[in-house]
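Biologist: Hello! Could you teach me how to read a structure, one feature at a time?
Modeller: Gladly, let us open it together.

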Amino acid sequence: MDPFDDLLRGVRANGAVFGGSVLSPPWALRFTDDAFLTLCAPLRGEGWIVLADGTAQRVTQGDVAIVRGPEPFVFTDDPTAPDELVREVSCSVTGGVDGSTVLMAGAYRVPGEVPRRLLQVLPPLLVVPDEHDCSSMRAYLETQLTAGLPDRQIVVDRLLDWLLVCMLREWFDRPEAASPAWYRALGDEVAGPVLRAMHEAPDRPWTLASLAEVAGVSRSTFAKRFHELLGEPPLAYLTEWRMTLAADLLGEPGTTLASVARRVGYADPFGFSAAFKRVRGMSPSEYRDGAGRQAAGRPDFAGRIG
């Protein structure tokens, strides 16, 4: 497992209904799901995505766009369309059968602290052009959407998950993407194995010496290389990652401070509490109380389209 896998672990299309919407011009749809991520892919025709700040980008058949929320955005055939043409939708759009554009869209839930780290490294809008390596997966998804098979929901959900992962990896590998330092470091022969080891087993009693052993170099060489690539010492990165995991674990019902401490590599809750407060600015108990109140009022970000 690597940091990218961890960040996407909680991003799921569970319960969402995805489908094709046939649109006849003139049309303008404002998506108001408050979703953290929305995937849009024209299966036929083209359109423009217009963000809340006025940024507009053309999306054609074969392209896949990912919009970072939760602000609403517009998908339209004309970026200069007057406001009276705009129809508000929640990933549930319809149109005439003779329309020139068929849109596939889905809103994603992003629960917890771990996957929300992904949002911090994504631009407000990214578009991967038609020549992407995920085109065969996208074509198969289109077939599933139009086949009318019974009980297809779970199949479509998982295909959308795979397409999202594929598109994000494709985006990060493109030269114009400002990929995060940890993503670039995954390909490094020194830092890469250590990042994977930290994410695979955050509960291990890692030390600088044991991490350097994973890297296969001396402690000084490892520490210098890791800091050059990620901008922070390896144990500082490890502590921040552990506290991010702990924040999500604290929101799980029935967990104790001792159990959370063990799962993120601390022998007792006292050392864990001190580290958590140093990184998060509050005690684990204070965080859990606040996180519980936020979760109770958090909307469901599973979008529907049909």
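Modeller: The largest cavity is lined by 13 residues, and Ala35, Thr38, Pro70, Glu71 and Phe73 lie nearest its centre. Before we go on, note that this is a predicted model, where local features need pLDDT of at least 70, side-chain atom pairs count only at pLDDT 80 or more, and totals for chains, interfaces and linings use all residues. Residues are numbered from 1 along each chain as its sequence is written, and side-chain values use heavy atoms, leaving out hydrogens and water.

Biologist: What counts as a cavity, and how many cavities of 30 Å³ or more are there?
Modeller: Rolling a probe the size of a water molecule over the atoms shows where empty space is left. On a 1 Å grid over the protein atoms alone, a cavity is a set of points where a 1.4 Å probe fits but cannot get out, and lining residues have an atom within 4 Å of a point. Grid points are joined across faces, edges and corners, and the volume is the space filled by probe spheres set on the points. Here there are two cavities of 30 Å³ or more, and the largest holds about 50 Å³.

Biologist: What is the peptide bond from Gly69 to Pro70 like, cis or trans?
Modeller: Most peptide bonds are trans. The bond from Gly69 to Pro70 is cis, with omega near 10°. Pro70 sits in the loop between strand 6 (64-68) and strand 7 (73-76); helices (H or I, at least four residues) and strands (E, at least two) are DSSP runs, numbered from the N terminus.

Biologist: Why do Phe222, Phe226 and Leu230 lie on the same side of helix 8?
Modeller: An α-helix has 3.6 residues a turn, so residues three or four places apart point the same way. In helix 8, Phe222, Phe226 and Leu230 are buried, meaning under 20% relative accessible area, with exposed over 50% and partly exposed in between (1.4 Å probe, protein chains only). They cover an arc of only 30° around the axis, which puts them on the same side of helix 8; the arc is that of the directions from the helix axis to the C-beta atoms. The face turned away from the buried side of helix 8 carries the exposed Ser220 and Lys224.

Biologist: What follows helix 8?
Modeller: Gly231 comes next, with a positive phi near 75°.

Biologist: How many residues of helix 6 are buried?
Modeller: Seven of its 10 are buried, so helix 6 is largely enclosed by the rest of the structure. Among them are Val194, Leu195 and Met198.

Technical notes: 1 Å grid on protein atoms, 1.4 Å probe; cavity = no way out; pocket = protein on both sides within 12 Å on 5 of 7 lines; lining within 4 Å.
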